[in-house]
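Student: Please take a close look at one part of this model, the surroundings of the ligand. I would like one connected account, including the helices that belong to that part.

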Amino acid sequence: MKKYELPDELMFLRNSKTEQKKSDASMKGKVVVLTGATSGVGLEALKQLAKGEATVVMVARNLEKAKNVREAILSKHPCDIDIVVADFSELSHIRHAASEILDRYDRIDVLINCAGMHSTKATYTPEGFETVFFVNHLASFLFTQLLLDRMILSAPSRILHINSEGHRFNGLDINDLDWKKRHYTGLRGYGASKTAQLLTMWEMADQLKDRGVTINAMHPGDVRSNIGKNNGWLYRMFSRFFIQPMLKDPKISGEAIYYLVADAQMEGVSGKFYHLTIEEIPAKHALDRSLGKQLYDLSVKLTNPK
Ligand SMILES: NC(=O)c1ccc[n+]([C@@H]2O[C@H](COP(=O)([O-])OP(=O)(O)OC[C@H]3O[C@@H](n4cnc5c(N)ncnc54)[C@H](OP(=O)(O)O)[C@@H]3O)[C@@H](O)[C@H]2O)c1
């Protein structure tokens, strides 16, 4: 029987059912900086990293929550877990977190940008950025830039963005990043932020060629987590009763992230998008290199890393 080939845009449907790769490589002696480790996908990544004996620096906005997570993990895996506090909706917090990490660690082997959110309404950060665009894209952009020199010195090193198939909901308009001129919807706002992260990633992958630092992005599966809990009761009810029951165990996200940052098969691999561990072609709009260059420059201007 002739095998039916899906168009590129729909390959994620097949990839979500494909058997995924796993790694049992050791990360002993490696320093991993991980944002968003207090919940969902990031928490599962933290469990795998602890099992692999990495030294993990959790960057979290809620110290008490982070301490409880650390305690629970340490009761199962004796490993090093450090905590740096930062709210990734504020530029000054991101700068402060990066400078604390640079003071405490003379090497950074892996950076995993996992902190992220979804909002049904446009809200604004204290500095006036649309919050989802800021937390999902500008925060990880700035944080990566601030840690980059140390990662180059620590080469070979790896950066992984926890991106999303949600980039396909594209709502990116470079002339209206703050949604002041258009009607905001949660899916398009989320799509804009994840598209922006991908567009700037191709630029960074080119810049980092021959520097020993790889940068990739992945969709962590469609898994149970707390995403969207910041939204109103109607959304939360809908999510609890109709969305969450359809989703998978987030353990698969942790295992996939571990494979991408730890396994020897990923050595030197850069500038790719993965559905869990399967390489995939992102949506066309997220591959527009001319837009990517403009957005990279704008992201530098807005966050001022140097
Ligand atoms: N779940 C999925 O199926 C799925 C699919 C595609 C992509 N993703 C991506 O996976 C990543 C993790 O999401 P999740 O589903 O695991 O959601 P989650 O359970 O809500 O976890 C989000 C994490 O990000 C942190 N965070 C959010 N806003 C922050 C801020 N302003 N400053 C600092 N930290 C902040 C949260 O901290 P608190 O614990 O303090 O809230 C939490 O640790 C996101 O980038 C998301 O877009 C998830």
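Tutor: What follows goes from the ligand outward to the helices and then to two loops. The model is predicted.

The shell around the ligand holds 29 residues, and those that come nearest are Thr-38, Ser-39, Lys-65, Tyr-190 and Ser-225. Sorted by class, twelve residues of the shell are nonpolar, twelve are polar and five are charged.

Three polar contacts can be described atom by atom. Lys-65, already named among the nearest residues, places a polar side-chain atom 2.7 Å from an oxygen atom of the ligand. Asp-87 also uses its side chain: one of its N or O atoms there is 2.9 Å from a nitrogen atom of the ligand. With Asn-226 the backbone takes part, as a backbone N or O atom of this residue lies 2.9 Å from an oxygen atom of the ligand. On its own the ligand has 890 Å² of accessible area, and the protein covers 92% of that. Two elements give two or more residues each to the shell, namely α2 (40-51) and α6 (186-207).

Each of these two helices packs against another helix. For α6 the partner is α5, residues 131-153; the two axes are 7 Å apart and the angle is about 20 degrees. An angle under 35 degrees counts as roughly parallel, so α5 and α6 are roughly parallel to each other. Their crossing is right-handed.

For α2 the partner is α8, residues 251-262, again with axes 7 Å apart, but here the angle is about 55 degrees. Angles from 65 to 115 degrees would count as roughly perpendicular and those under 35 as roughly parallel; α2 and α8 are therefore oblique to each other. The crossing of α2 and α8 is right-handed.

Two backbone details lie in loops that adjoin helices of these pairs. In the loop between α2 and β2 (55-60) sits Glu-53. Glu-53 is not a glycine, yet its phi is positive, at about 65 degrees. The other detail concerns Pro-156, which is placed in the loop between α5 and β5 (157-162). The peptide bond that leads from Ala-155 to Pro-156 is cis, and its omega is near 5 degrees.

To put the part together: α2 and α6 contribute to the shell around the ligand, α2 packs against α8, and α6 packs against α5.

Conventions
Residues numbered from 1 in each chain as written. Predicted model: local features only at pLDDT ≥ 70, side-chain atom pairs only at ≥ 80, totals over all residues. Heavy atoms only, no water. Near = heavy atom within 4 Å. Polar contact = N/O pair within 3.5 Å; in protein donor to acceptor, adjacent residues only side chain to side chain. Areas by Shrake-Rupley, 256 points an atom, 1.4 Å probe, with all protein chains shown as cover. Helix = DSSP H or I, 4+ residues; strand = E, 2+ residues; numbered from the N terminus. Nonpolar A, V, L, I, M, F, W, Y, C, P; charged D, E, K, R; others polar. Axes fitted to C-alpha atoms, helices over the stretch in contact; angles between N-to-C directions. Parallel < 35°, antiparallel > 145°, perpendicular 65-115°, else oblique. Left-handed = near helix turned anticlockwise from the far one by under 90°.
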